[in-house]
Amino acid sequence: MSNVTAFQLADMLFTGAGALGKMPDTLKAAGVKKPLVVTDKGIVKAGLAKRVEDVLTAAGIAYAVYDGTVANPTDDNVDEAFALYGKEGCDGLIGLGGGSAMDTAKGCGILAESGGPIDQYRGMGLLKAPLPFFIAIPTTAGTGSESTSASIITNTRGDHHWKMVILDGRLLPKAAIIDPLLMMGLPPHITASTGMDAMTHAIEAYISIGAMEYTDALAIGAIRLIFKYLRRATGNGNDLEAREKMAYAQTMAGMAFTNAGLGIVHSLAHPLSAFYGISHGDANALALPTCLEFNKIVCREKMADIARAAGLTDLGPYPEDTTVAAIRRLSADVRIPASVTEAAARIGVKIDPKDIGPMSKDALNEISTITTPRVPTLADIEALYKQCW
């Protein structure tokens, strides 16, 4: 049996205040003449797209902008972005925003080089060719998409919406620009939600059956940073140190999970977003403690490590319970919804317990379930949803 492991990274990461200035030379070195900036209307309204456009203009680089990305991006977003990419004669991509914008940019790149429709690439290693030159520029500290080989796209063509997980090493950006100045002033709830998304990535990577020494170091480092700085970043959006540390944490967590895999927290979260539009970060955060309660009997030592990374010293005879309590407290402190009902009420959508059946089937078949440390049955997944409800 082979013990060889594989570990993938983006070709280049520029991290720190002012990193955006590295974008023009990076594009020119790659020979990119006209990138498509893939973003969303919120990023445009916040003035962040203009900051990127101003840097491109000052460097004499032509560009086009697609700003139609929605939360939990859809196959329609991907098709629209690709149509504009072709119409404008673009030869490169810039994903600007949270995970949704970067996932849409990746999807556009897939269509540009591998052909459509996008749903044929659901799964692992199915792309036909590398993406066009792609720079990822996150404006939140959570998804880690700038350091992952994944794209999550909602399929809207069928009986019900479901999330397609596309995994391929060729989805890694050629460069990522992680500039905390682009994250300053991010609203508290988005800071909290994306921060708990990063926490979920790190914890699931750490307890995954695919974990290795490289991913363990990155995951536990990210967990330590998030416990230390997420409250500060949420409470004061202009705390540059907290923003920078959270930016490091999300990228580290992304590196960890794209190589180690995830688990049933993500398996439960994706249907919650597809069915109800609950944000990915909120869906992860509300499911995380319940799923850790399920997993804890098979990963007690690693759960204890997580508690120590949280700065806890008095772990007692059951450190795994201390860990779950610490995560619940962090979520409560940054005002994450504690249940599906609360999350749905915040965004004004109706939920129906009858959906638990089809959502559970989708969750059980999620690719993230493969690397979860405790193997669940369909009944287990249904029970977890009911506990989260």
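# Group meeting: strands, salt bridges and helix α13

Among the elements of the protein chain, β8 has the lowest mean pLDDT, at 84, and β2 the highest, at 98. This is a predicted model, and the mean pLDDT of the protein chain is 93, with 99% of its residues reaching 70 or more. As a general caution, where pLDDT is low, the predicted coordinates should not be read in detail.

I'll take the strands to begin with. β2 is joined to β4 by four bridges, and the two run parallel. In that pairing, leucine 36 stands opposite leucine 93 of β4. β4 also pairs with β6, residues 133-138, again in the parallel sense, over six bridges. There, isoleucine 94 has isoleucine 135 of β6 as its bridge partner. β4 is mostly covered, six of its six residues being buried.

Next, β7 and β8. Strand β7 spans residues 150-155, and six of its six residues are buried, so the rest of the structure largely encloses it. In a regular strand the side chains alternate between the two faces of the sheet. Which residues of β7 are buried on each side? On one side they are Ala150, Ile152 and Thr154, and on the other Ser151, Ile153 and Asn155, so to speak of β7 is to speak of a strand with both faces covered. β7 and β8, residues 162-167, run antiparallel and are joined by six bridges. Alanine 150 has leucine 167 of β8 as its bridge partner. Remember that β8 is the element with the lowest mean pLDDT.

Now the charged pairs. Side chains of opposite charge can pair when their charged atoms come close. How many salt bridges does a search of the whole structure find? It finds 18, and I'll go through a few.

One of them is between the side chains of glutamate 88 and lysine 34, at 2.9 Å from N to O. Glutamate 88 is in the loop between α4 and β4, and lysine 34 is in the loop between α1 and β2, so the salt bridge ties together parts 54 residues apart in sequence. Glutamate 88 is partly exposed, at 30% relative accessible area. Lysine 34, at 19% relative accessibility, counts as buried, because the cut-off for that class is under 20%.

Another salt bridge is formed by lysine 302 and aspartate 216, whose closest N and O atoms are 3.0 Å apart. Here the pair links distant parts of the chain, with lysine 302 in helix α11 and aspartate 216 in helix α7, 86 residues apart. Lysine 302 counts as partly exposed, at 22% relative accessibility.

Helix α11 also holds arginine 300, which forms a salt bridge with glutamate 320, the closest N and O atoms being 2.8 Å apart. Glutamate 320 is in helix α12, so this pair ties together parts that are 20 residues apart in sequence. Is each partner buried or exposed? Arginine 300 is partly exposed, with a relative accessible area of 37%, whereas glutamate 320 counts as buried at 6%. Elsewhere, Asp75, Asp76, Asp79 and Arg157 are joined into one network by salt bridges that share partners.

On to helix α13, residues 340-347. Its buried residues include Val340, Ala343 and Ala344. These three cover an arc of only 95° around the axis, which puts them on the same side of α13. The general reason is that an α-helix has 3.6 residues a turn, so residues three or four places apart point the same way. What do the buried residues of α13 pack against? They pack against α9, α10 and α15. After α13 comes glycine 348, with a positive phi near 70°.

Two single residues to finish. Threonine 371 sits in the loop between α14 and α15, and counts as buried at 17% relative accessibility. Its side chain reaches the backbone oxygen of leucine 262 at 2.9 Å. Leaving out residues up to four places away in sequence, threonine 371 touches Ser208, Ile209, Ala260, Gly261 and Leu262.

The other is alanine 247, in helix α8, residues 240-260. Alanine 247 is buried, with a relative accessible area of 1%. With residues up to four places away in sequence again left out, alanine 247 touches Ala141, Ile178 and Met183. Alanine 247 and glycine 144 are 103 residues apart in sequence, and their C-alpha atoms are 8.8 Å apart in space.

Note on methods:
Residues numbered from 1 in each chain as written. Predicted model: local features only at pLDDT ≥ 70, side-chain atom pairs only at ≥ 80, totals over all residues. Heavy atoms only, no water. Buried < 20%, exposed > 50% of the residue type's maximum accessible area, 1.4 Å probe, protein only. Arc of directions from axis to C-beta. Contact = heavy atoms within 4.5 Å. Salt bridge = Lys/Arg side-chain N within 4 Å of Asp/Glu carboxyl O. Pairing = 2+ DSSP bridges. Polar contact = N/O pair within 3.5 Å; in protein donor to acceptor, adjacent residues only side chain to side chain. pLDDT = per-residue confidence, 0-100.
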